[in-house]
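Here is a short note for a colleague who is meeting this structure for the first time. Please read the points with the sequence and the model side by side.

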Amino acid sequence: MNQSLQNVPAPAPTLPLFYKNPVPVEPSRHATAGLRERIDFGFSRETNAIALTASEIVHAARHYPVVFSKDAPAVPFAVVGLRDKENLFVDAEGKWREGYYIPAYVRRYPFIFSEVPDSRQLVLCVDEGADIFEPSSTAPFFVEGKPSESLQRSFKFNETFQMHYQDTHRFGEWLDQNDMLEGKMARAELSNGQTFTLQGFRLLNPERLRALDDAQVLELHKRGWLPLLHFHLQSLQNWSMLSDLARGR
């Protein structure tokens with residue numbers, strides 16, 4: 001049985017992965033709204049690849065294969081499953097496998113920044129389609145018309161995420177401009193004879209890395225990107241771990 005790694009390319013332009021109905025967070029609309037006070041990652045159960053920021057590669061590489069999107073600009077992804085629509089790290093109760101790194105893209109949900117049309121201004125939005133969203137909550141986003149401490153923390157987290165995302169965009173552009181990546185395919189075979197073929201992603205070509213001139217290596221070093229490429233290559237040892245988890249399922 002062959003499967004394809006469907007989620008490595010950038011998410012569809014309509015709505016980002018996981019989001020159903022993101023709307024700007026406003027006192028007039030969300031005066032009593034908030035989130036249920038429970039951790040539930042069930043929304044990420046039906047994906048086998050999750051986008052990373054460049055700064056996360058060092059953390060994600062310990063637990064997942066880190067690959068790059070097929071389309072430019074290159075975006076790093078953590079591969080979290082072999083089968084399509086299966087995240088091996090989220091159980092039936094929505095809990096993430098203990099001890100494994102949880103990507104920031106997952107941790108920021110159900111919040112997200114959205115650009116104001118014809119402007120560079122960003123607005124914090126919340127996905128009203130999220131299971132943990134409550135129109136009337138005991139822990140509302142606003143207290144006496146002012147953002148709660150929880151909402152302020154969410155804003156700060158998304159603000160930091162956005163900065164890392166911009167650096168990731170520059171990182172991906174550099175990799176594409178210098179032709180550092182090549183399309184690859186991975187195969188995994190389970191004990192019951194099932195074979196999975198994962199495609200639609202790119203990996204670093206080690207020979208092209210070794211062929212960089214001194215100026216390019218210095219640029220990578222100064223931007224803090226050189227170690228990320230080594231962590232990416234090291235992460236590819238995690239393919240076998242994914243196979244072991246899939247056998248357990």
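1. A definition is needed before the pairings are described: two strands are said to pair if DSSP finds at least two bridges between them. The reader should also keep in mind that this is a predicted model.

2. With that in hand, strand S4 (residues 66-69) and strand S5 (residues 76-79) can be described as antiparallel strands that three bridges join. Within this pairing, Phe68 stands opposite Pro76 in S5.

3. These two strands belong to an open sheet of five strands, whose order is S3-S5-S4-S12-S11 and whose pairing is antiparallel. Strand S3 (49-51) and strand S11 (181-189) stand at the edges of this sheet, and because each has a single partner strand, one side of each is left without a neighbour in the sheet. From one strand to the next, the twist averages 45°.

4. There is also an open sheet of three strands, with the order S1-S7-S6 and, here too, antiparallel pairing. Its edge strands are strand S1 (22-24) and strand S6 (111-115), each of which pairs on one side only. On average, and with direction ignored, neighbouring strands of this sheet are turned by 45° against each other.

5. Which strand does S1 pair with, and over how many bridges? The partner is strand S7 (residues 122-127), and the two strands pair in the antiparallel sense over three bridges. Pro22 can be used to locate this pairing in the model, since Pro22 stands opposite Asp127 in S7.

6. Helix H3 (residues 149-177) should be viewed together with this sheet, for H3 lies across S6 and S7 and runs at about 60° to S6.

7. In helix H6 (residues 226-235), the buried residues are Leu226, Leu228, Leu229, His232 and Ser235. The cover over these buried residues of H6 includes S4 and strand S12 (195-204), together with helix H1 (57-60), H3, helix H4 (206-210) and helix H5 (214-223).

8. The second largest pocket holds about 560 Å³ of space. It is lined by 25 residues, of which Leu35, Tyr109, Phe111, Ile132 and Ser154 are the closest to its centre. The elements that give two or more residues to this lining are helix H2 (104-107) and H3, and the largest share, six residues, comes from H3. Sorted by class, the lining of the second largest pocket has 14 nonpolar, four polar and seven charged residues.

Terms used. Residues are numbered from 1 along each chain as its sequence is written. This is a predicted model: local features need pLDDT of at least 70, side-chain atom pairs count only at pLDDT 80 or more; totals for chains, interfaces and linings use all residues. Side-chain values use heavy atoms; hydrogens and water are left out. Helices (H or I, at least four residues) and strands (E, at least two) are DSSP runs, numbered from the N terminus. Axes are lines fitted to C-alpha atoms, for helices over the stretch in contact, and angles run from 0 to 180 degrees between N-to-C directions. Contact means heavy atoms within 4.5 Å. Buried means under 20% relative accessible area, exposed over 50%, partly exposed in between (1.4 Å probe, protein chains only). On a 1 Å grid over the protein atoms alone, a cavity is a set of points where a 1.4 Å probe fits but cannot get out, and a pocket is an open set with protein on both sides within 12 Å along at least five of seven lines; lining residues have an atom within 4 Å of a point. Grid points are joined across faces, edges and corners, and a volume is the space filled by probe spheres set on the points. Ala, Val, Leu, Ile, Met, Phe, Trp, Tyr, Cys and Pro count as nonpolar, Asp, Glu, Lys and Arg as charged, and the others, Gly among them, as polar.
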